[in-house]
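Here are my notes on the model you sent. They are numbered so that you can reply point by point.

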Amino acid sequence: MIRSIRRVAVVGGGIGGAAVAALLQQAGFDARVYEQAASFVPVGAGIHLSPNLVKVLDRIGAGEAVRIKGCRPGAFTNRDAATGEILFDLPLGDASLQAFNAPFLTLTRGDLLGAILDCVNPDSIEYGKRLSGVKRHSEQVDLHFADGSEAQADLVIGADGLRSKTREFLAGFEAPHYSGQVAFRGSYPTALLGGERMEDLTKWWATSTFALTYYLDAARDVFYFAAMTPQPSWPTDASFVPGDKSEMLEIFAGFHPAVQRALRTAPPECIKKWALFERPSTFVWGDPRVILLGDACHPMRPFMSQGAAMALEDAAVLVRCLSESRSCEAAFDAYVATRSERLLHVHEVSSQNTFMRMPCDPTWVFAYDPTRMPIQTGPIVTS
Ligand SMILES: Cc1cc2nc3c(=O)[nH]c(=O)nc-3n(C[C@H](O)[C@H](O)[C@H](O)COP(=O)(O)OP(=O)(O)OC[C@H]3O[C@@H](n4cnc5c(N)ncnc54)[C@H](O)[C@@H]3O)c2cc1C
């Protein structure tokens, strides 16, 4: 461990921030989380927990909670959106344990974040702390918050997401790019489907549109859909707006009857339309005293469902680098060297939206274990 680093300030108590705080505390660091939200509110959208992500949860101690709550799909089925023809069927369930050394799960983001936060010392999380400024001294960093308060730390980790203030401090303000895609998302009781059986996890592929359908809980009592489509502009600052059900049904009218039934069944009030944002693959890593992870560093299109997985992989690797290095500089270089190539690859494949559309071997994504793989100290790969 680096002797000059004891107090670590984590900006953002989302998925990546909570995970890095839990891992830092377990490694003996005095980590505190500063989160802008007034409190933790579990929100309901769905998320895939791929095996590479679950390995980090196991290291944190959150693995059992998500295994109890989450749905464990028997397969990840990729189908042609119109005909329903199977394009690629990836066996999961026990096959995921054998092939990737961990299960594949689906559940709500709120349940995922709640499970991680349960592994963070509750006295170390400060809500209502919106970072407004950062001032670096030679051996200390000052943090300023919108409520007028301040904090000091030896090291700052910026895990404050897509519109990161920490990133702005490091690289100047640059708004994230609207990707030209929106997603209609919603969840509702499976019982509303009237006994019609939907597969555990299906991606329905058309040319420029696609839909994901899956369950959010172990009992398969809650059903979820995300239906993505191009939209030329996003004329609001809000991340999402209420979704118009008739607009959604019209856009996806050519999809297989099973998808149309699932969308038609959605109660109008559950449908939200989300804008999808991204930044180019020029990642901002920070420097040895102010380090970025997750969406603050490398936001990507959600088409591989790997954004949260990459934030958790970052957290695991960064804490290993901080624990095993002799200086902040060495830890920072090792973190960037170890993460760059993989993140560039995942960012690129996510943008292309091709992952698992055709038969492929997804071992490179799912079998990866950031808690064990070698830490690199070699030259840094840049985009
Ligand atoms: C439609 C969609 C579907 C997705 N599906 C998946 C999926 O299935 N699987 C997957 O792995 N990923 C998925 N993702 C991506 C994933 O949600 C993100 O990549 C992930 O949440 C990034 O985690 P993070 O901790 O970096 O940021 P966030 O989860 O955004 O957390 C950032 C935190 O920082 C806080 N914050 C922000 N600014 C400040 C400030 N100034 N001061 C203090 N706190 C601040 C925020 O309140 C928030 O709590 C999806 C994304 C989208 C849009």
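1. Which residue in strand 2 is the bridge partner of V8? A31 is that partner. Keep in mind throughout that the model is predicted. The pair belongs to a parallel match between strand 1 (residues 7–11) and strand 2, held over five bridges.

2. These two strands sit in a wider sheet. Six strands make it up, in the order 7-2-1-11-19-18. The sheet is open and its pairing is mixed. At its edges are strand 7 (125–127) and strand 18 (286–287), each pairing on one side only.

3. Now the helix on this sheet. Helix 1 lies across three strands: strand 1, strand 2 and strand 11 (155–158). Against strand 2 its angle is about 165°. Helix 1 (15–26) and strand 2 (30–35) also turn up at the ligand, each supplying at least two residues of the shell.

4. A second sheet deserves its own look. It is open, with eight strands in the order 5-4-13-14-15-12-17-16. Pairing is again given as mixed. Strand 5 (86–91) and strand 16 (240–242) are the edges; each has a single partner strand, so one side of each has no neighbour in the sheet. From one strand to the next, the twist averages 15°.

5. What is the sense of pairing between strand 16 and strand 17, parallel or antiparallel? It is antiparallel, over three bridges. Within that pairing, P242 has K272 of strand 17 as its bridge partner. Strand 17 (272–278) supplies at least two residues of the ligand shell.

6. There is also a hairpin to check. Strand 8 and strand 9 form it, with four residues between them. The two strands, residues 131–136 and 141–145, run antiparallel and are joined by five bridges. K135 stands opposite D142 of strand 9.

7. On to the ligand. Around it are 34 residues, of which G12, G14, G161, G294 and G307 come nearest. Sorted by class, the shell holds 16 nonpolar, twelve polar and six charged residues.

8. Which helix gives the largest share of that shell? Helix 9 does, with four residues. Helix 9 spans 307–324. Strand 3 (46–49) is also among the elements that supply at least two shell residues each.

9. Which domains feed the shell with at least three residues each? Domain 1 (7–41 + 112–175 + 280–366) and domain 2 (178–278) both do. When you set up the ligand environment, please list the residues from both domains.

Technical notes. Residues numbered from 1 in each chain as written. Predicted model: local features only at pLDDT ≥ 70, side-chain atom pairs only at ≥ 80, totals over all residues. Near = placed C-beta within 6 Å. Nonpolar A, V, L, I, M, F, W, Y, C, P; charged D, E, K, R; others polar. Domains from an automatic or database assignment. Pairing = 2+ DSSP bridges. Contact = placed C-beta atoms within 7 Å. Axes fitted to C-alpha atoms, helices over the stretch in contact; angles between N-to-C directions.
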